[in-house]
Each structure stands twice: as structure tokens, then as C-alpha cells.
Amino acid sequence: PVNWAVEKGITNGTAPDKFSPNEKCTRAQILTFLWRAAGSPTVTNPFPYADVYESDYFYMAAQWAKKNGMVEHYALYPNKSCNRMMSVYYIWCAAGKPACSASLKFTDLNKPEHENYKEAIAWAVEQGITNGTSETTFSPGSTCTRGQIVTFLWRAAQKGLI
């Protein structure tokens, strides 16, 4: 997955000779990875964020994410860690929010804030992008590493989903 991401220009690592797979993946990073996987499209009529500036490396990725319904707020919180729930939601949005009727077996998706993400999680599991962290848990709030995110993206790309 890392070699694929570098070859496709999705990421170029944290240094010329490092990818840092065990470092946390931020929201700005995953959205930039997805934007690059989509061909780095230009977005006209940029949306004003409270915490995203034209000089940020992820500026156009943030604009693309907003246009594609991935971000619904006026702030992106770009340096906040991306968790498992958000990562599959972003990938699901990038794939066009395909319908999924699979049922979830995870007992830790029972909070009201999980409701809007269940279809994305079910889709990601059904497509083999990710599994649970156990037979009965998904661990929606667990922080994803850069290595995990690139693996999710690679799996989605192998199936032509992104």
C-alpha cells in the first residue's frame, strides 16, 4: 500500500526516505490523500473555513472535501487525528456514498453520534476496506495511523471504488 501510494503520487512521505506509518493520520492528511487519488481536481468558488488558509498544503483538498459532502462544518480541524469512523466515512463519500444494506455486528456503534456513519462503516466492511478490531467491535474513535489509512485507500483503489 505504501509503495502504491508513493507511485500514484498520493503521498510522498514525511521525509525523502520516510513514510512514518505509525504516526497518527490527521484529517488534513487523509483528505489530501483522497483528493490526490481523485486526480487533484481544482475546485472553483472556494468555501471559507475558519481554520484553512490558501497557503495550507491541504487547501484545495479541503475545498474538494467540502464540495463532495465530506465536511459539513465551517471548521475542518485539520490537525486533529482521524479516527476509524471518520476515515471510512471520508472514503465512502469519495466513492460517491454508495448504498449498502449490510448489517453491522459491532456492539460499540450504539451512541447517537454513530448513526450518521453506520452505512459508511457497513459499506467499508462489506467491500473489504476494513474489518472490526474484533468480532464484535469496530472501535470507531480509535486513531488511525498513516499506514492504516494508506492500506484502506489501497484496498478501495484495488476494487475501483476510489
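This section describes helix packing, aromatic pairs and selected loop residues in a predicted model.

Helix α6, residues 146-158, packs against helix α4, residues 84-94. Their axes lie 11 Å apart and meet at an angle of about 30°. Angles under 35 degrees count as roughly parallel, so α4 runs roughly parallel to α6. The crossing of α4 past α6 is right-handed. On the α4 side, the contact is made by Arg84, Ser87 and Ile91. On the α6 side, Ile149, Phe152, Leu153 and Ala156 take part. By class, this contact has five nonpolar residues, one polar residue and one charged residue. Arg84 and Ser87 count as charged and polar, respectively.

Helix α6 also packs with α2. Helix α2 spans residues 27-37. Here the angle is about 25°, and the axes are 11 Å apart. Helices α2 and α6 are therefore roughly parallel to each other. Their crossing is right-handed. From α2, the contact involves Gln29, Ile30, Phe33 and Leu34. These meet Arg146, Ile149, Val150 and Leu153 in α6. The classes are six nonpolar, one polar and one charged. Gln29 is polar and Arg146 is charged. Ile149 and Leu153 of α6 meet α2, and Ile149 and Leu153 also belong to the contact with α4.

Helix α5 covers residues 118-126. Its buried residues are Ala120, Ile121, Ala122, Trp123 and Ala124. The buried residues of α5 pack against α4. Helix α4 thus has contacts with α6 and with the buried residues of α5. Gly128 follows α5. The phi of Gly128 is positive, near 80°.

The aromatic side chains form seven pairs. One of these joins Tyr89 and Trp92. Their ring centres are 5.9 Å apart. The ring planes stand at 45°, so this pair is tilted. Both residues lie in α4, three residues apart, which is about one turn of the helix. In general, an α-helix has 3.6 residues a turn, so residues three or four places apart point the same way. Tyr89 and Trp92 are both buried. They also belong to one aromatic cluster, together with Tyr90 and Tyr117.

A second pair is formed by Phe106 and Phe138. Their ring centres are 5.5 Å apart. With planes at 45°, this pair is tilted too. Phe106 sits in the loop between α4 and α5. Phe138 sits in the loop between α5 and α6. The pair therefore ties together parts that are 32 residues apart in sequence. Phe106 is buried, at a relative accessible area of 9%. Phe138 is buried as well, with a value of 0%.

Two residues other than glycine, Ser20 and Tyr77, have a positive phi. In general, most residues other than glycine have a negative phi. The phi of Ser20 is near 60°. Ser20 lies in the loop between α1, residues 2-7, and α2. Its relative accessibility is 15%. Buried means under 20%, so Ser20 counts as buried. Beyond its neighbours within four places in sequence, Ser20 is in contact with Thr14 and Arg146. Arg146 is also one of the α6 residues that meet α2.

The phi of Tyr77 is near 55°. Tyr77 is placed in the loop between α3, residues 59-67, and α4. Its relative accessibility is 48%, so Tyr77 counts as partly exposed.

Thr14 shares the loop between α1 and α2 with Ser20. At 39% relative accessibility, Thr14 counts as partly exposed, whereas Ser20 counts as buried. Residues up to four places away in sequence aside, Thr14 touches Phe19, Ser20, Glu23 and Arg146. Both Thr14 and Arg146 are therefore among the contacts of Ser20, and Thr14 itself touches Arg146. The C-alpha atoms of Thr14 and Tyr117 are separated by 30 Å. Along the chain, Thr14 and Tyr117 are 103 residues apart. Tyr117 is part of the aromatic cluster with Tyr89, Tyr90 and Trp92.

How values were computed:
Residues are numbered from 1 along each chain as its sequence is written. This is a predicted model: local features need pLDDT of at least 70, side-chain atom pairs count only at pLDDT 80 or more; totals for chains, interfaces and linings use all residues. Side-chain values use heavy atoms; hydrogens and water are left out. Axes are lines fitted to C-alpha atoms, for helices over the stretch in contact, and angles run from 0 to 180 degrees between N-to-C directions. Helices (H or I, at least four residues) and strands (E, at least two) are DSSP runs, numbered from the N terminus. Angles under 35 degrees count as roughly parallel, over 145 as roughly antiparallel, 65 to 115 as roughly perpendicular and the rest as oblique. A crossing is left-handed if the near helix is turned anticlockwise from the far one by less than a right angle, and right-handed if clockwise. Contact means heavy atoms within 4.5 Å. Buried means under 20% relative accessible area, exposed over 50%, partly exposed in between (1.4 Å probe, protein chains only). Rings of Phe, Tyr and Trp (its six-membered ring) pair if their centres lie within 6.5 Å; planes under 30 degrees apart count as stacked, over 60 as edge-to-face and the rest as tilted.
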